[in-house]
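Subject: The structure, plus notes

Hi,

Here is the structure I said I would pass on. Have a look, and then read my notes underneath.

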Amino acid sequence: MTADCLFCKIISGDIPSNKIYEDKDVYAFHDINPAAPSHVLIIPKKHLHDITEAKDQDAELIGKLVLRANTIAEEIGLTENGFRYVINTGSDGGQTVFHLHLHLLGGRPMSWPPG
Ligand code: 5GP
Ligand code: ZN
């Protein structure tokens with residue numbers, strides 16, 4: 001828990017969220033400003049500033065994050081038509097919340113390359 005981190009406050013319940021899933025390592029909730037018909041954020045409970053802060057000891061945690069996202073994608077019906085995972089990193093990457101999060105976006109066709 002990092003005191004001034006928005007997503008740590010969501011995990012602790014200090015800030016409400018529309019939760020989809022929670023276990024001892026992972027928390028998932030709907031994005032407050034959805035960029036697609038389905039937009040879920042999957043985050044580790046451990047505070048990591050961004051994906052570059054993940055080290056060897058976090059390999060299992062990062063695996064759990066992605067596998068949980070796969071399960072959520074299946075549960076909300078995105079697997080058949082497909083979806084997109086995004087991990088924005090740093091200023092050029094468009095990161096605005098500095099607690100690692102995996103975006104799960106789906107429910108419409110995605111363009112490439114991203115803007
Ligand atoms: P980033 O730009 O850092 O990759 O993504 C941050 C995401 O967090 C954005 O899509 C934004 O809409 C979402 N977000 C920011 N504040 C809140 C909040 O208080 N609650 C929820 N559920 N999502 C938030
Ligand atoms: Zn945090």
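Let me start with α1, since this helix gives the most to the lining of the second largest pocket, with 3 residues. Please keep in mind that this is a predicted model.

**The second largest pocket**

This pocket holds about 300 Å³ of space. It is lined by 19 residues, and those closest to its centre are Phe-7, Phe-29, Asp-31, Ile-32 and Leu-41. Two elements give two or more residues to that lining: α1, which runs over 6-12, and β2, which runs over 26-30. By character, the lining splits into 9 nonpolar, 9 polar and 1 charged residue.

While you are looking at α1, find Lys-9, which sits in that helix. Is Lys-9 buried or exposed? Neither, quite: with a relative accessible area of 28%, Lys-9 is partly exposed, because the partly exposed class lies between the 20% limit for buried and the 50% limit for exposed. If you want a feel for distances, the C-alpha atoms of Lys-9 and Gly-93 are 23 Å apart in space, with their positions 84 residues apart in sequence.

**The zinc site**

Now for the metal. Which protein atoms hold the zinc ion (ligand 2) as donors? They are the SG atoms of Cys-5 and Cys-8 and the ND1 atoms of His-47 and His-99, and they lie 2.0 to 2.3 Å from the ion. Written along the chain, the donors follow the spacing C-x2-C-x38-H-x51-H. The two histidines come from distant parts of the chain, 52 residues apart: His-47 is in the loop between β3 (38-44) and α2 (59-75), and His-99 is in the loop between β4 (83-86) and β5 (102-106).

As for geometry, the arrangement around the zinc ion (ligand 2) is tetrahedral, because its 4 donor atoms subtend angles of 104 to 115 degrees, and a tetrahedral site needs all angles between 85 and 135 degrees.

How accessible are these residues? Cys-5 is buried at 6% relative accessible area, Cys-8 is buried at 2%, and His-99 is buried at 0%. His-47, on the other hand, is partly exposed at 22%. And in case you were wondering about the cysteines, there are 0 disulfides in the structure.

**The largest pocket**

The largest pocket has a volume of about 370 Å³. Its lining is made of 14 residues, and nearest its centre you will find Arg-84, Val-86, Asn-88, Leu-105 and Pro-114. Strands β4 and β5 each supply at least two of the lining residues. The lining divides into 5 nonpolar, 6 polar and 3 charged residues.

**Around β5**

Two more things to look at here. Gly-106 is part of strand β5 and is buried, with 0% relative accessibility. Its C-alpha atom is 6.4 Å from that of Pro-37, although Gly-106 and Pro-37 are 69 residues apart along the chain.

Then there is Pro-113, which lies in the segment after β5. Which form does the peptide bond from Trp-112 to Pro-113 take, cis or trans? That bond is cis, with omega near 0 degrees.

That's everything I wanted to pass on. Shout if anything is unclear.

Cheers

Methods
Residues numbered from 1 in each chain as written. Chains lettered and ligands numbered in written order. Predicted model: local features only at pLDDT ≥ 70, side-chain atom pairs only at ≥ 80, totals over all residues. Heavy atoms only, no water. Donors = N, O, S within 2.8 Å, 3.2 Å for Na, K, Ca; no water. Tetrahedral: all angles 85-135°; square planar, octahedral: opposite > 155°, others 65-115°. Helix = DSSP H or I, 4+ residues; strand = E, 2+ residues; numbered from the N terminus. Buried < 20%, exposed > 50% of the residue type's maximum accessible area, 1.4 Å probe, protein only. Disulfide = S-S within 2.5 Å. 1 Å grid on protein atoms, 1.4 Å probe; cavity = no way out; pocket = protein on both sides within 12 Å on 5 of 7 lines; lining within 4 Å. Points joined across faces, edges and corners; volume = space filled by probe spheres on them. Nonpolar A, V, L, I, M, F, W, Y, C, P; charged D, E, K, R; others polar.
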